[in-house]
Amino acid sequence: DGLTQEDLDVLVAKDMHALTKSEREEILQELHGVGDAIRETPDFILQHRLLLDRELSVLVSRWTSKTGAFERARQQNLANVTSEDFQLMFLRSTKWDAKEA
């Protein structure tokens with residue numbers, strides 16, 4: 001069977017407890033929409049997509065488990081992997097950290 005809401009609450013509480021105070025505050029601010037907003041100007045987006053392209057080139061040049069997943073995704077749908085929307089999804093999820101994305 002699946003997890004109950006209570007089970008999920010316990011898991012979230014454990015994960016939140018494992019974070020530092022500043023990490024918890026940052027997550028709670030994001031959750032409530034009061035975190036630091038990032039202005040996504042066209043230049044900002046272009047700069048970070050270029051950084052992501054550079055990180056992806058480095059990733060492809062050495063073999064890791066992440067490389068295999070990325071290569072499979074490229075082979076299955078290159079247009080999707082290289083699309084701006086797809087890349088922005090990863091950049092935004094990491095607060096524009098190209099290496100982490």
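What covers the buried residues of α6? Hi everyone, let me take that question as the way into this structure, and please keep in mind that the model is predicted.

Let's begin with α6 itself. Three of its residues, Q87, L88 and L91, are buried. They span an arc of only 100 degrees around the axis, so they sit on the same side of α6. Turn to the other side of α6 and you find D85 and S93, which are exposed. Now for the answer to my opening question: the cover over the buried residues of α6 includes α3 and α5, the latter being residues 78–81. Just past the helix, α6 is followed by K95, and the phi of K95 is positive, near 55 degrees.

That brings us to the core. In soluble globular proteins, nonpolar side chains tend to be buried together. Here, the largest nonpolar core is made of ten residues: I45, L52, L56, L59, F70, V81, L88, L91, W96 and A98. Two elements give two or more residues to this core, namely α3, residues 42–61, and α6, residues 84–93. The most comes from α3, with four residues.

If you'd like one core residue to click on, try F70. Setting aside residues up to four places away in sequence, F70 touches L56, L59, V60 and V81.

Next, a polar residue for the chemists in the room. H48 lies in helix α3. Is H48 buried or exposed? With a relative accessible area of 11%, H48 counts as buried, because buried means under 20%. What does its side chain reach? The side chain of H48 comes to 2.9 Å from the backbone oxygen of F44. Leaving out neighbours within four places in sequence, H48 is also in contact with L91, W96 and A98. Those three names should sound familiar, since L91, W96 and A98 are among the core residues I listed a moment ago.

Last stop, helix α2, residues 21–31, where E23 lies. E23 is partly exposed, and its relative accessible area is 36%. A polar atom of the E23 side chain lies 2.9 Å from the backbone nitrogen of T20. And if you want to relate E23 to the K95 we met after α6, the two are 72 residues apart along the chain, with their C-alpha atoms separated by 14 Å.

To wrap up, the picture I'd keep is this: α6 has Q87, L88 and L91 buried, and α3 is part of what covers them. Thanks for listening, and I'm happy to rotate the model for anyone who wants a second look!

How values were computed. Residues numbered from 1 in each chain as written. Predicted model: local features only at pLDDT ≥ 70, side-chain atom pairs only at ≥ 80, totals over all residues. Heavy atoms only, no water. Core = buried A, V, L, I, M, F, W, Y, C linked by side-chain atoms within 4.5 Å. Buried < 20%, exposed > 50% of the residue type's maximum accessible area, 1.4 Å probe, protein only. Contact = heavy atoms within 4.5 Å. Polar contact = N/O pair within 3.5 Å; in protein donor to acceptor, adjacent residues only side chain to side chain. Arc of directions from axis to C-beta.
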